[in-house]
Amino acid sequence: MIVDLNLQGKKIIIIGGGNEAQKRINSVLKQECDITVLSDSINPQINKLVKTKKIKFVKQKISDTKFISKLKPDLIITTTNNKKINQKIITDAKKKKIIVYSSDNPEDSDFSNPAIIDFENMIQIAIFTGGKSPAMSKKLKDRSEKLFKKIITKEDIAQIKIQKIARKIAKEIIPTQEERKNCLRNIMSDNEIDQLIKDGQVKKAEKRAITILRNWK
Ligand SMILES: C[C@@]1(CC(=O)O)c2cc3[nH]c(cc4nc(cc5[nH]c(cc(n2)[C@H]1CCC(=O)O)[C@@](C)(CC(=O)O)[C@@H]5CCC(=O)O)C(CC(=O)O)=C4CCC(=O)O)c(CCC(=O)O)c3CC(=O)O
Ligand SMILES: NC(=O)C1=CN([C@@H]2O[C@H](COP(=O)(O)OP(=O)(O)OC[C@H]3O[C@@H](n4cnc5c(N)ncnc54)[C@H](O)[C@@H]3O)[C@@H](O)[C@H]2O)C=CC1
């Protein structure tokens, strides 16, 4: 089952400070969560995130799993190149019912990571091969990225921003889901809003959407 984890406000521990740690930090950093790296060393890019206070860092060589009871994380991501220590962390996290991921163990991890085509942090297209070939996921991403960037436009992203605002108001003022759906569709296919977005008049487009909402009967 492919899902998008909501990590808002969650406490995340990442063990290790190499390339894999960096990739996982970058994906969890997209949400506002509390990230602590435990590692005996970190690469310069991770160090930069520590210096700018985006993440915390405790210089520590992990040899047992005491940190789990001490820090009580919601999610543990282990990325060391030490299979034994990674396995120990997985086993203990599972006992404590904490979501766990290990870079070297897809079978025992609670989730896996796709190759991602991202549009301004607003739209994500994910490619998985169910763990069969990560290299092929990357290759297919590279091949299809240009194509998707042609299909999905700046205007689509602007429309998503308008829809986000509109559906929040719709939930407050339009009583039934069916009517909310109709109203949002109406905004999505409104020629005037389309034109305003194309002309870069996003604020005016937003106002027009709100007018449609307020007048919805
Ligand atoms: C199962 C999975 C679980 C997970 O870790 O999440 C997993 C596992 C492993 N990958 C390994 C190796 C490589 N991984 C990559 C690249 C990526 N790997 C990614 C995801 C996944 N990798 C998950 C399944 C995704 C799916 O279903 O397709 C991507 C898509 C996303 C990301 O990592 O964020 C990212 C491309 C991102 C991008 O660029 O967009 C390359 C290619 C390269 O680096 O050029 C290689 C070398 C070639 C090769 O092995 O194919 C090894 C070590 C194997 C060993 O020891 O030999 C393991 C562990 C194992 O298999 O035991
Ligand atoms: N899921 C995936 O897509 C991929 C997974 N891998 C797997 O991920 C592992 C890590 O890869 P990289 O980050 O490239 O390796 P790396 O060697 O660059 O980084 C390992 C990090 O773990 C730290 N570390 C090692 N033992 C530790 C301990 N006991 N306590 C605290 N920190 C410790 C090291 O200081 C280092 O920062 C690889 O061994 C491989 O099995 C590798 C490539 C892709």
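Okay, so let's start with what sits around ligand 1: by class, the shell has six nonpolar, eight polar and four charged residues. Keep in mind that this is a predicted model. There are 18 residues around the ligand, and the closest are Asn113, Thr129, Pro134, Ala135 and Ser137.

Which helix gives the most to that shell? That's α5, residues 134-151, with five residues. And the shell isn't built from one domain: domain 1 (1-113) and domain 2 (114-152) each supply at least three residues. The domain assignment also lists domain 3, covering 154-214. Between domain 2 and domain 3, the C-alpha centres are 28 Å apart.

Now, on to the sheet. It's an open one with five strands, and if you walk across it you meet β3-β2-β1-β4-β5, with parallel pairing. At the edges you find β3 (56-59) and β5, each pairing on one side only. From one strand to the next, the twist averages 15 degrees.

Let's zoom in on β4, residues 75-78. On one side, β4 pairs with β1 (residues 11-15) in the parallel sense, over four bridges. Find isoleucine 14 there, and you'll see isoleucine 77 of β4 opposite. β4 is also joined to β5 (residues 99-102), again parallel and by four bridges. What is the bridge partner of isoleucine 76 in β5? It's valine 100.

So how does the chain get from β4 to β5? It goes through helix α4, residues 83-95, and this β-α-β crossover is right-handed. That same α4 lies across β1, β4 and β5, and runs at about 165 degrees to β5.

Technical notes. Residues numbered from 1 in each chain as written. Chains lettered and ligands numbered in written order. Predicted model: local features only at pLDDT ≥ 70, side-chain atom pairs only at ≥ 80, totals over all residues. Near = placed C-beta within 6 Å. Helix = DSSP H or I, 4+ residues; strand = E, 2+ residues; numbered from the N terminus. Nonpolar A, V, L, I, M, F, W, Y, C, P; charged D, E, K, R; others polar. Domains from an automatic or database assignment. Pairing = 2+ DSSP bridges. Right-handed = clockwise from strand over helix to strand, strands pointing away. Axes fitted to C-alpha atoms, helices over the stretch in contact; angles between N-to-C directions. Contact = placed C-beta atoms within 7 Å.
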